[in-house]
Amino acid sequence: HFKRAIAFYTLSCRIQIVERVFLDQIIAMAQLNNLAQIHETLGNLRTSKLLFERLLSNLVLYTESIRNKDNQEVVRRRLAGFHRNTSPFILGGPKVAPAA
């Protein structure tokens, strides 16, 4: 089932690029997070690491973009799982959040 999920996520990303569909940034980060989790589960650690690093980059940019917005606390709660999953790349500790 995981390989099929990768195929669907990959197809979804390709369609978004070809059709120039721009998703909400949190949804796009959820896709990266889920793909990274699946690759990690399958033992594709290099791919998983690359995806988590991309997620971390997007997370930093998104967090900066909402720094002065009124709904910061709501957004922080929505991003908590992404922070947990990318924390090993910052702190060197284990991840604990499941796929979105």
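The following paragraphs lead from the overall fold to two local features of a predicted model.

The protein chain contains four helices and zero strands. Read from the N terminus on, its elements follow the order α-α-α-α. The chain has 100 residues, and 31% of them count as buried. Contacts also show how the chain is arranged: among those with a separation of 6 or more, 57% join residues that lie 24 or more positions apart. The accessible surface of the protein chain amounts to about 7000 Å², and carbon and sulfur atoms account for 58% of that area.

One part of this surface deserves attention. Phe-8, Leu-11 and Ile-15 form a nonpolar patch there, and together these residues have about 300 Å² of accessible area. Leu-11 belongs to helix 1, which covers residues 2–18. Because its relative accessibility is 44%, Leu-11 counts as partly exposed.

The second feature involves charged side chains. In general, side chains of opposite charge can pair when their charged atoms come close. A search of the whole structure finds one salt bridge. Its partners are Glu-53 and Lys-49, whose closest N and O atoms are 3.1 Å apart. Both residues lie in helix 3, which comprises residues 45–65; because they are four residues apart in that helix, about one helical turn separates them. Glu-53 is partly exposed, since its relative accessible area is 31%. Lys-49 also counts as partly exposed, with a relative accessibility of 44%.

Technical notes:
Residues numbered from 1 in each chain as written. Predicted model: local features only at pLDDT ≥ 70, side-chain atom pairs only at ≥ 80, totals over all residues. Heavy atoms only, no water. Patch = residues over 30% accessible without salt bridge, like charges linked within 9 Å, V, L, I, M, F, W, Y side chains within 5 Å. Areas by Shrake-Rupley, 256 points an atom, 1.4 Å probe, with all protein chains shown as cover. Salt bridge = Lys/Arg side-chain N within 4 Å of Asp/Glu carboxyl O. Helix = DSSP H or I, 4+ residues; strand = E, 2+ residues; numbered from the N terminus. Buried < 20%, exposed > 50% of the residue type's maximum accessible area, 1.4 Å probe, protein only. Contact = heavy atoms within 4.5 Å.
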